[in-house]
Amino acid sequence: MLLDNNRRNPSDIQPSEITPFEVFHQRRAVLKAASALTTSLLLPAYAKAATATLDAKKTAYGKDEKLTSYEDVTGYNNYYEFGTGKEDPAREAVLFKPTPWTIKIEGAVKQAKTITIEQLLALAPLEERIYRMRCVEGWSMVIPWIGLPLKALIDWAQPTGNAKYIEFVSYNDPRHMPGARMPILDWPYVEGLRMDEAMQPLTLLAVGLYGKVLPNQNGAPVRLVVPWKYGFKGAKAITTIRFVEKMPTTTWVKAGPREYGFYANVNPQVDHPRWTQSSEKRIGAGLFAGRIKTKMFNGYDEVGQLYAGMDLKKNF
């Protein structure tokens with residue numbers, strides 16, 4: 001794979017460069033104590049508003065799961081637009097302004113249009129859904145998301161029969177996103193789903209977590225959550241939703257097609273070229289908790305019918 005001379009191939013990122021949770025937690029404790037006063041003085045009103053609560057209907061999804069702590073969910077993140085370190089997004093996204101916000105609806109629809117975040121929230125009642133989240137790096141969390149089914153937006157968008165896939169484009173502003181100034185990926189971040197995957201009842205547009213508005217570092221104001229796929233499928237800070245006929249070329253497929261496939265279904269039988277996917281480390285479980293076995297489709301067996309007859313080693 002050829003990249004420009006300044007862009008770093010994601011395949012060259014070694015497992016040793018992925019910050020272990022234990023190291024991250026120790027570092028974050030020190031940084032948090034040192035910066036708490038400064039942050040409180042500099043934090044603008046719109047950033048403080050991110051602590052606002054959301055009313056959402058409780059559901060049975062994941063009701064027996066042990067939740068990952070709010071601190072870990074909001075402090076241990078992959079969001080390369082704000083940096084490649086796990087603690088970078090929480091620090092660098094403080095001044096990101098997710099309001100006002102609009103999303104463009106384009107492509108194979110009856111009429112191209114724009115929806116505001118307020119209109120989006122009115123499409124369907126908000127629900128709290130506790131989902132497992134499995135990262136392609138081999139760690140996992142359990143997160144109480146708040147959102148609405150993606151299907152509600154699709155119905156509102158009125159796609160035509162030519163719409164076979166949906167492309168999601170994330171916000172990109174190098175002026176306020178330091179990671180976007182680094183040529184690690186081809187910005188803006190692009191993800192995609194097949195239409196039947198997008199319509200699956202589990203697929204969620206998340207606008208909050210833990211009863212609060214979605215924090216900046218977790219993809220505010222709206223992000224995609226597809227719990228049977230690896231976490232990188234979850235496009236954050238979505239600005240454009242495009243209905244298309246052909247499979248979109250997504251960011252990670254473009255960066256490393258032999259390592260990060262379009263489907264990105266959690267599959268313990270298909271290893272990453274540089275590490276096993278048969279087990280995972282649950283963030284927050286403790287230093288000596290060990291690893292747990294990864295389940296096919298991350299345990300969401302009901303989606304298996306979407307891939308009947310497909311070679312899931314080829315279509316990874």
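Which residue's side chain meets that of Asp88 in a salt bridge? Let's start there, everyone, keeping in mind that this is a predicted model.

The partner is Arg91, with an N to O distance of 2.7 Å. Both residues sit in helix H4, which spans residues 88-92, and because they are three residues apart there, about one helical turn separates them. Their surroundings are worth a look too. Asp88 is buried, at 15% relative accessible area, whereas Arg91 is partly exposed, at 44%.

Now for a pair from elsewhere in the chain. Arg242 and Glu106 also meet through their side chains in a salt bridge, this one at 3.0 Å, N to O. Here the two partners come from distant parts of the chain: Arg242 belongs to strand S11 (residues 238-244) and Glu106 to strand S2 (residues 102-107), with their positions 136 residues apart in numbering. How accessible are they, buried or partly exposed? Arg242 is partly exposed, with a relative accessible area of 25%, and Glu106 is partly exposed as well, at 24%.

My third pair is Glu127 with Arg129, whose side chains form a salt bridge at 2.9 Å, N to O. Glu127 and Arg129 are both buried.

Let me go back to helix H4 for a moment. Asp88, Arg91 and Glu92 are joined into one network by salt bridges that share partners, so please keep Glu92 in view when you look at the Asp88 and Arg91 pair in that helix.

And how many salt bridges are there by this rule? The count comes to 18. Thanks for listening, and I'm happy to turn the model around on the screen for anyone who would like another look.

Terms used:
Residues numbered from 1 in each chain as written. Predicted model: local features only at pLDDT ≥ 70, side-chain atom pairs only at ≥ 80, totals over all residues. Heavy atoms only, no water. Salt bridge = Lys/Arg side-chain N within 4 Å of Asp/Glu carboxyl O. Helix = DSSP H or I, 4+ residues; strand = E, 2+ residues; numbered from the N terminus. Buried < 20%, exposed > 50% of the residue type's maximum accessible area, 1.4 Å probe, protein only.
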